[in-house]
Amino acid sequence: MSHNATTVNGTPPSASGALTLSNAYFGVTTYPVITSLSTIVANVPVGYSIPMGRNSSYNILTTKQGTSAQLGPTLNVISTTYQGDWFDRITLPAGTWLIRANIAQDPSNSSTGSFCLVNFSTGARIGPVVSTRDAQRSSLCIGYVTLTASTQIAFRTVAGTVYKNREAGYGRIGFSILKVA
Amino acid sequence: MSHNSITVNGTEPNTSGDIAISGRQTILIGRGLQSSYSNSPASGFSAGSTLYFYDTSPVNTIPNATISSSSGWVSSVTLPAGDYVILGYFSALFSSSGSLEFVWYKGAARVGNGAVIGALTLANLDGSRLAQAAVTITTTSTFTLKVLSSSNVSAIASQGNIPSEESWVMIERV
């Protein structure tokens, strides 16, 4: 068997034996969204997705091969008056994704809810649960999911009520979504 | 030259000659699954106790890395030689104002920073919530998250699903 039969992710070497890979193979696509809430949103009960606002740092990098992402609203917990700059889900194409979201917890928060990253349609969890019972808890959400088709993901309250009572609270969410494969 | 001598990031070709590589070699344990901590092998939260993570199908894309578990409860991760960033977060229920400190161990040696979580009434608690270690290992090594200190952590029988739902480990080969 010639070594020329070797492929990497299905790509064979050239006639001279060289193998050139695009960055897409190495999953460097990033997709950061930095959000900032005011006092528009209060309680987000179980089963509802958490709205996130876009601020001036909002950005989508889709410069790498085969990647794209969109934001979508339902926003049924905030007034339609304010829905223009908000989203509550992110649509990702097929692939394997590593999702990280850092959330500034409000030190005065006293709600007892919890939330996690979910499949928007099915509610299936794609990461650990983040509790709001104490300020001294994790502020980093992670998820790792392989999607076989375009899928929407969201933050969703899974127990109790997540309460956003000030800008320093759960309104400060920064996303980093990396396409792994 | 045999094609079997070719590897990419330690990954060998399959029988068809294809090398399937992922840009990020990752381990992720703990994804919100529910199981009472009383189902785990944990014996307590005293200093030196092992902390357990629940995941019946953890992600592991690091070649030759192994995850030690029993009935879905993970006790340790064994990694081959290489450079890694290891993150660990553990969540627990408290009976009253208290705290839980934890840190990564490589074998019997501490590595990385200690992390601390606290109960609601311990409002002034400060410090990292994440135990993080950046390590270079030259031989296969086993990593375990252990308790450094604890105060007013509820008994294992009272923890319920909180540790399984909220605790996690992420390891990335760099």
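User: Which strand is Arg100(A) found in?
Analyst: This is a predicted model, where local features need pLDDT of at least 70, side-chain atom pairs count only at pLDDT 80 or more, and totals for chains, interfaces and linings use all residues. Residues are numbered from 1 along each chain as its sequence is written, while chains are lettered from A and ligands numbered from 1 in the order in which they are written. Helices (H or I, at least four residues) and strands (E, at least two) are DSSP runs numbered from the N terminus. On that basis, Arg100(A) belongs to residues 95–103 of chain A, which is strand S8.

User: Why does Arg100(A) count as partly exposed?
Analyst: It comes down to counting other C-beta atoms, placed from the backbone, within 10 Å of a residue's own: 20 or more is buried, 12 or fewer is exposed, and in between is partly exposed. Arg100(A) counts as partly exposed because its C-beta neighbours inside 10 Å number 18.

User: Which residues does Arg100(A) touch, not counting residues up to four places away in sequence?
Analyst: A contact here is two C-beta atoms, placed from the backbone, within 7 Å. Leaving out residues up to four places away in sequence, Arg100(A) touches Leu140(A), Ile142(A) and Ser176(A).

User: How confident is the predictor in chain A, going by its mean pLDDT?
Analyst: pLDDT is the predictor's confidence in each residue, on a scale from 0 to 100. In chain A, 49% of the residues reach 70 or more, and the mean is 67.

User: Which stretch among residues 165–171 and its like deserves caution, where pLDDT stays under 50?
Analyst: Where pLDDT is low, the predicted coordinates should not be read in detail. In chain A, pLDDT stays under 50 over residues 61–67, where the model has 17 contacts beyond four places in sequence. The model has 21 such contacts for another stretch with pLDDT under 50, residues 165–171 of chain A.

User: And which element of chain A has the highest mean pLDDT?
Analyst: At the low end of the elements is strand S2 (residues 33–34) of chain A, with a mean of 38. The highest mean, 88, goes to residues 114–119 of chain A, strand S9.

User: How many strands are there in chain B?
Analyst: From the N terminus on, the elements of chain B run β-β-β-β-β-β-β-β-β-β-β-α-β. Chain B has one helix, and its strands number 12.

User: What are the edge strands of the open sheet in chain B?
Analyst: Two strands pair if DSSP finds at least two bridges between them. Five strands form this open sheet with antiparallel pairing, in the order S4-S2-S12-S7-S10. Each edge strand pairs on one side only, and they are S4 (59–60) and S10 (131–137) of chain B.

User: Which strand gives the most to the largest nonpolar core?
Analyst: A nonpolar core is a set of buried Ala, Val, Leu, Ile, Met, Phe, Trp, Tyr and Cys residues joined through C-beta atoms within 7 Å. The largest has 67 residues, and those touching the most other members include Trp97(A), Phe102(B) and Trp104(B). With six residues, the top contributor to this core is strand S8 (residues 94–106) of chain B.

User: Is Ser71(B) buried or exposed?
Analyst: Ser71(B) is in the loop between strand S5 (66–70) and strand S6 (73–79) of chain B, and its phi is positive, near 55 degrees, though it isn't a glycine. Because Ser71(B) has 10 other C-beta atoms within 10 Å, it is exposed.
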